[in-house]
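Reader: Please show me the model. I will then ask what stands behind each term.

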Amino acid sequence: MTRGLVIGNWKMNLDHVEAVHLTQQLVSVLANRPADRVDVAVAPPFVDLRSVTSVVEAERSVVGVAAQHVSDHDHGAFTGEVSVAMLKRLGVTSVLVGHSERRTMFHMDSDVVARTVRAVLAGGLHVILCVGENLDVRGAQSQDEYVRDQLASALRDQHGSEGHITVAYEPIWAIGTGQTATTDQIGEMMATIRGEMGRWGAGTGRVLYGGSVSAENASELATDGGVDGFLVGGASLKAESFAAIVTALNDCYAEVR
Ligand code: PGA
């Protein structure tokens with residue numbers, strides 16, 4: 001890929017006032033660092049989206065704004081849900097779909113993931129499809145098959161997805177634990193995922209790694225893991241650590257690719 005991508009997943013952290021502060025800090029820190037080879041986006045909670053897009057627009061920043069989740073329905077009696085059209089109207093350009101926390105804690109099964117991917121694509125937004133195995137699956141060495149199944153069920157029957165899908169490989173055992181996958185494990189999974197994406201007409205999409213990415217390990221993961229970028233949780237809540245990850249990926253693109 002010619003450009004890398006780093007997305008900050010804020011999860012259920014930061015109210016809209018805190019979100020404005022962090023966005024302003026991030027925009028100013030990034031303005032003073034080389035990030036010309038990397039696209040950057042943040043995924044705040046729904047209630048922060050309006051504030052964050054306002055800051056980004058006012059500062060004429062290139063930071064993109066993503067949502068963490070969306071309904072697979074267009075509109076109607078779905079209390080508590082938010083539609084793709086609503087996000088689009090706010091200036092959101094991409095949506096995380098099927099994060100493992102949604103799958104495990106909110107019963108988002110593979111059918112709902114597939115329908116949500118379809119709704120996001122139909123609405124003209126970009127999909128960040130999250131996949132990854134838990135420790136039991138890894139222990140049984142079934143991770144390749146497991147992730148291929150996740151991709152197949154989400155990507156088959158999608159039309160016009162080429163260029164509109166990014167996949168984030170996030171092994172569940174690495175999320176928020178401080179223990180990343182090894183660069184060998186990541187490299188193997190990148191090959192598996194790219195093969196499967198090609199099979200379903202999404203072969204030009206970028207493939208990210210997520211799970212305990214930090215300012216300290218980003219450089220090694222980027223250089224040796226063969227990733228196109230990162231999905232970052234905890235380390236995206238501080239402008240300095242998030243920007244350091246962006247810089248590490250940018251340096252990797254400048255030197256190696
Ligand atoms: P983490 O989270 O960076 O805090 O491990 C990653 C994610 O869940 O997207």
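Author: On a 1 Å grid over the protein atoms alone, a pocket is an open set of points with protein on both sides within 12 Å along at least five of seven lines. Lining residues have an atom within 4 Å of a point. This model is predicted: local features need pLDDT of at least 70, side-chain atom pairs count only at pLDDT 80 or more, and totals for chains, interfaces and linings use all residues. Residues are numbered from 1 along each chain as its sequence is written, and side-chain values use heavy atoms, without hydrogens and water.

Reader: What volume does the largest pocket have, and what does volume stand for?

Author: The largest pocket has about 400 Å³. Volume is the space filled by probe spheres set on the points, which are joined across faces, edges and corners. The lining has 13 residues, with Lys-11, Met-12, Gln-68, Arg-102 and Phe-106 nearest the centre. Helix α4 (residues 100-105) gives the largest share, three residues. Its limits come from a DSSP run (H or I, at least four residues for a helix; E, at least two for a strand), numbered from the N terminus.

Reader: Which pocket does the ligand take up?

Author: The ligand takes the space of the second largest pocket. A molecule sits in a pocket if more than half of its atoms lie within 2 Å of the grid points. That pocket holds about 220 Å³. Among its 19 lining residues, Lys-11, Gly-176, Ser-212, Gly-233 and Gly-234 are closest to the centre.

Reader: Which residues come nearest the ligand?

Author: Lys-11, His-99, Glu-170, Gly-176 and Ser-212 do, out of 13 around the ligand. A residue counts as near if one of its heavy atoms lies within 4 Å.

Reader: What makes the His-99 pair a polar contact?

Author: The cut-off for a pair of N or O atoms is 3.5 Å. A ligand oxygen is 2.8 Å from an N or O atom in the His-99 side chain, so the pair qualifies. Ligand oxygen also lies 2.8 Å from a polar backbone atom of Ser-212, and 2.9 Å from one of Gly-234. The protein covers 94% of the 290 Å² that the ligand has accessible on its own.

Reader: What makes a space a cavity, and how many are there of 30 Å³ or more?

Author: A 1.4 Å probe must fit but be unable to get out. One such space of 30 Å³ or more is found. The largest cavity has about 40 Å³. Its lining includes His-99, Cys-130, Gln-150 and Glu-170. Elements α4 and β5 (126-131) each give two or more residues to that lining.

Terms used. A polar contact is a pair of N or O atoms within 3.5 Å; within protein, one must be able to donate a hydrogen and the other to accept it, and residues adjacent in sequence count only if both atoms are side-chain atoms. Accessible areas come from the Shrake-Rupley method with a 1.4 Å probe; for residues, only the protein chains shown count as cover.
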